[in-house]
Amino acid sequence: MGRVYNFSAGPAVLPEEVLREAADEMMDYQGTGMSVMEMSHRSKAYDEIIKGAEADLRELMGIPDNYKVLFLQGGASQQFAMIPMNLMKNRSADYIITGQWAKKAAQEAEKYGKVNRIASSEDQTFSYIPDCSDLPVSEDADYVYICENNTIYGTKFQTLPDTKGKTLVADVSSCFLSEPIDVAKYGIVYGGVQKNIGPAGVVIVIIREDLITEDVLPGTPTMLTYKTHADAKSLYNTPPAYGIYICGKVFKWLKKMGGLKVMKERNEKKAKLLYDFLDQSKLFKGTVAAKDRSLMNVPFVTGDADLDAKFVKEAKAAGLENLKGHRSVGGMRASIYNAMPYEGVEALVAFMKKFEEENL
Ligand code: PMP
């Protein structure tokens, strides 16, 4: 069929089953005589799609009743502004800087209030997660912000920071639905879906109800006010309708696979295969502190930029695509999201072994 193993960080691999189903339904979605792309977002058929997607996500994540699920647009990057605009009542927030995405979020928030960078791992190129057990949380902070999984650097918070009672806001774009989480520990959990859930264009925001208010910063656009979307159940305007439909299919696939606990076990098994190989390799090495390793994004290097480039090129020729590291760090990165099968990681490790033998 010509499919490759796609290690892209996002947009990224989706379950083949979901793609096939979507293809089958393309011309005629369940007897409606049209594709979901062509359907009114106010139609009965679409109402079932969006409500079903929300119900399945709630079940998968065990989302408490006092949280709303919003399907929005604008990418995760738009949340960098929307969060302060809606939450910065005191015009102050604490940010933990563990990579470019947290850094960008903090820079954006700075347009709206005081940003306190209470911890950072920039001193060692974001190769670890700082100790967040006793942070200097600001008394007037409206929230504490983290990027839970750092897509570019391949680190993840293994335990959540102690926010000393402040609302925790987390960008989970690159670890969304990769393992169970306790939603009740967060005020907002959000992410773009284009890594682990669906096509680009959808952002899912899971937000505690008390954080949804009319009391937003002056000048906040209607479209950037959480209350607008919460009141309208994500149908204030035309939502990214087709993308939400695909997300809904992925939620069903995850349920069929056994849910998030099973996904975590699968993800751990896949990541272990790759990390174990890296740990004993004489050519390749991982770039982050072992204790903070991500299950989703695995960066590695040979230490020689020319050899890295050769590896990426030859891997592509062998059907292993998108292994080039982020343009800001170089080297390689294998993103092994939920939809990457174990066989994909096996194929990658086998290729790395062969490359090592040929190039050492
Ligand atoms: N946060 C994280 C953790 C990311 O990995 C990315 C994108 N790759 C973003 C935010 C930005 O997402 P978007 O392109 O949807 O704005």
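**Exercise 1. The two domains**

The centres of domain 1 and domain 2, taken over C-alpha atoms, lie 27 Å apart. This is a predicted model. Work out where each domain runs and what each gives to the contact.

*Solution.*
- Step 1: Mark the bounds. Domain 1 covers 17–257, and domain 2 covers 260–359.
- Step 2: Look at the contact between them. Domain 1 gives 23 residues and domain 2 gives 24 residues.
- Step 3: Find the elements on the domain 1 side. Strand S7 (155–156) and helix H6 (241–257) each supply at least two residues there.
- Step 4: Sort that side by residue type. There are 10 nonpolar, 10 polar and 3 charged residues.

**Exercise 2. The shell around the ligand**

State which residues surround the ligand, and which element gives the largest share.

*Solution.*
- Step 1: List the shell. It holds Gly10, Gly75, Ala76, Ser77, Trp101, Cys147, Thr151, Asp171, Ser173, Ser174 and Gly192.
- Step 2: Assign the largest share. H3 provides it, with 3 residues.
- Step 3: Divide by type. The shell has 3 nonpolar, 7 polar and 1 charged residue.
- Step 4: Take one member, Ala76. Ala76 sits in helix H3 (residues 75–87). Ala76 is buried, because 25 other C-beta atoms lie within 10 Å.
- Step 5: Follow its contacts. Beyond residues up to four places away in sequence, Ala76 touches Asp171, Ser173, Tyr190, Gly191, Gly192 and Val203.

**Exercise 3. The annotated binding site**

Decide why the positions that UniProt lists for "binding site" do not all gather at one spot.

*Solution.*
- Step 1: Read the record. The unreviewed UniProt entry lists Ala76, Ser77, Trp101, Thr151, Asp171, Gln194, Asn237 and Thr238.
- Step 2: Check the spread. These positions span 163 residues in sequence, and the farthest two C-alpha atoms are 30.6 Å apart, so they do not all gather at one spot.
- Step 3: Place one of them, Gln194. Gln194 is in the loop between strand S9 (188–192) and strand S10 (203–208).
- Step 4: Judge its burial. Gln194 has 23 C-beta neighbours inside 10 Å, so Gln194 counts as buried.
- Step 5: Name its partners. Apart from neighbours within four places in sequence, Gln194 contacts Gly10, Pro11, Ala12, Pro199 and Ala200.

**Exercise 4. One side of a helix**

Show how the buried residues of helix H4 (residues 100–109) are arranged.

*Solution.*
- Step 1: Pick out the buried residues. Trp101, Ala102, Ala105, Ala106 and Ala109 are buried in H4.
- Step 2: Use their directions. They cover an arc of only 135° around the axis, so they lie on the same side of H4.
- Step 3: Recall the helix rule. An α-helix has 3.6 residues a turn, so residues three or four places apart point the same way.
- Step 4: See what they pack against. The partners include H3, strand S3 (92–97), strand S4 (114–120) and strand S8 (168–171).

**Exercise 5. Unusual backbone**

Identify the peptide bond that is cis, then describe two residues with a positive phi.

*Solution.*
- Step 1: Go to Gly10 and Pro11. The peptide bond from Gly10 to Pro11 is cis, with omega near -10°. Pro11 lies in the loop between strand S1 (5–6) and helix H1 (16–24).
- Step 2: Turn to Thr125. Its phi is positive, about 45°, although Thr125 is not a glycine. Thr125 lies in the loop between S4 and S5.
- Step 3: Turn to Lys164. Its phi is positive, about 50°, and Lys164 is not a glycine either. Lys164 lies in the loop between S7 and S8.
- Step 4: Judge exposure. Thr125 has 13 C-beta neighbours inside 10 Å, so Thr125 counts as partly exposed. Lys164 has 14, so Lys164 counts as partly exposed.

Key:
Residues are numbered from 1 along each chain as its sequence is written. This is a predicted model: local features need pLDDT of at least 70, side-chain atom pairs count only at pLDDT 80 or more; totals for chains, interfaces and linings use all residues. UniProt positions are given in the numbering used here, feature names are shortened, and annotations may be inferred rather than shown by experiment. Helices (H or I, at least four residues) and strands (E, at least two) are DSSP runs, numbered from the N terminus. A residue is buried if 20 or more other C-beta atoms lie within 10 Å of its own, exposed if 12 or fewer, and partly exposed in between; C-beta atoms are placed from the backbone. Two residues are in contact if their C-beta atoms, placed from the backbone, lie within 7 Å. The arc is that of the directions from the helix axis to the C-beta atoms. A residue is near a molecule or strand if its C-beta atom, placed from the backbone, lies within 6 Å of it. Ala, Val, Leu, Ile, Met, Phe, Trp, Tyr, Cys and Pro count as nonpolar, Asp, Glu, Lys and Arg as charged, and the others, Gly among them, as polar. Domain bounds come from an automatic or database domain assignment.
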